[in-house]
Amino acid sequence: MIVHLAGQNGRETHSPAYLDALGPLRPLVEDDSLTEIMVNGPGLVYVERNGRLEETDVRFADTDELLNLISSIAEAVGRTIDIHHPICDARLFDGSRVAASIPPVAVNGPLLTIRKFAKDPLGIADLIALRTLDQATAELLEAAVLARCNIIVSGGTGSGKTTLLNVISGFIPSTERIVTIEDAAELQLRQRHVCTLEARPSRGEDQGISIRDLVHHSLRMRPDRIVVGECRGGEALDMLQAMNTGHDGSLTTIHANAARDCISRLETLVLMAGVDLPLRAIRQQIAGALDIVVQLSRLRDGSRRITSVTEVLRMEGDTITMQELCRFEARGLDAEGRIAGELLPGGVRPELLHTLESLGLPLPSMFAPSQRRL
């Protein structure tokens with residue numbers, strides 16, 4: 001049985017019994033240099049380190065040992081995985097996210113993926129050091145958060161959306177009440193006044209609690225800000241309506257490969273809510289609710305970079321107009337074989353600046369008069 005202890009921050013901490021139950025994966029889970037552990041059956045285990053995949057020499061004795069580990073993880077967090085429920089999404093007691101699948105859906109044997117939870121959450125200085133963004137873009141994002149812009153972080157799988165969302169959430173003033181809503185709780189906001197809600201999957205007659213249920217519930221909790229870990233279904237409509245009805249400064253993430261694709265993806269997700277709305281009405285909701293799209297990409301060298309920051313403006317005809325505030329321009333490889341480049345201003349004056357000026361907030365340095373290309 002997996003044993004766990006509650007830590008001072010409300011998250012459970014590792015106990016010897018818990019670590020022992022991880023079997024051959026224990027040294028990988030304890031290795032802080034790893035960000036992902038991928039088990040492709042009992043005889044093949046990969047890890048991600050510094051954005052690159054590595055095969056390890058870790059092996060399970062047989063399929064049964066791997067199945068027992070997967071079952072133990074599922075049972076310990078109140079989930080079920082068996083032939084009738086062959087997939088499971090959960091989290092370990094340190095917050096690491098787990099995705100497991102077994103036959104019949106996993107054709108060649110059980111699969112287990114662990115996205116590790118960082119014991120010491122990254123801050124904005126860490127992301128600058130990792131070249132995810134630069135100081136000027138950090139100032140822009142901080143200004144957008146302080147101006148209560150509604151921001152969506154867009155990117156592909158593994159591009160660092162949740163990490164960036166967690167970091168920019170740190171710009172929210174500590175005087176505000178924040179409600180976070182996630183499928184599996186990963187965000188680690190440092191403010192004191194944070195209410196954390198986590199969805200619960202259905203089990204048997206228990207219909208569970210969805211992200212959409214929690215978004216509805218959060219509106220009755222007097223939030224100053226709503227932070228949704230990821231919009232991937234009908235909750236997108238509820239999030240947009242919340243943004244349009246006084247809950248400015250809300251944040252979320254979405255899977256999309258470009259800022260314009262993000263808008264299209266939002267349209268699709270709203271339609272999944274089952275509400276019969278014409279496309280123009282959906283676009284009006286998006287244009288009225290959303291202010292900033294931050295696009296993240298995982299580059300060929302494994303690095304995660306902000307590739308654009310785009311301002312959402314208004315409807316013109318049937319089209320949502322947008323303007324790019326900055327964009328990443330690659331410039332070959334550096335001495336370490338990493339992609340070199342920088343985020344350059346888009347040469348436009350953001351409408352955000354009017355809000356900053358009216359609030360008496362400092363302007364981001366990339367839009368100082370000496371930097372503007374108007």
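**A tour from the cysteines to P362**

Begin by selecting C231, which at 2% relative accessibility counts as buried in what is, throughout this tour, a predicted model. With C231 still selected, look for the closest cysteine sulfur, which belongs to C262 and lies 9.6 Å from the sulfur of C231, too far for a bond.

Next, select C326, which also counts as buried, its relative accessibility being 0%. Here the closest cysteine sulfur is that of C149, and the distance of 14 Å from the sulfur of C326 is again too far for a bond. How many disulfides does a search of the whole structure find? The search returns 0 disulfides; a pair of cysteine sulfur atoms would have to be within 2.5 Å to count, and therefore neither the 9.6 Å from C231 to C262 nor the 14 Å from C326 to C149 qualifies.

Now move to helix α6, by selecting residues 161-169. Is this helix mostly covered or mostly uncovered? Helix α6 is mostly covered, since 7 of its 9 residues are buried. To see which these are, colour K161, L164 and L165, and then the run N166, V167, I168 and S169, which together make up the buried residues of α6.

Finally, select P362, in the segment that comes after α11 (352-359). In contrast to the buried cysteines C231 and C326, P362 is exposed, with a relative accessible area of 64%. Add E139 to the selection and draw a distance between the two C-alpha atoms: P362 and E139 are 223 residues apart along the chain, while their C-alpha atoms are separated by 9.4 Å.

Conventions: Residues numbered from 1 in each chain as written. Predicted model: local features only at pLDDT ≥ 70, side-chain atom pairs only at ≥ 80, totals over all residues. Heavy atoms only, no water. Buried < 20%, exposed > 50% of the residue type's maximum accessible area, 1.4 Å probe, protein only. Helix = DSSP H or I, 4+ residues; strand = E, 2+ residues; numbered from the N terminus.
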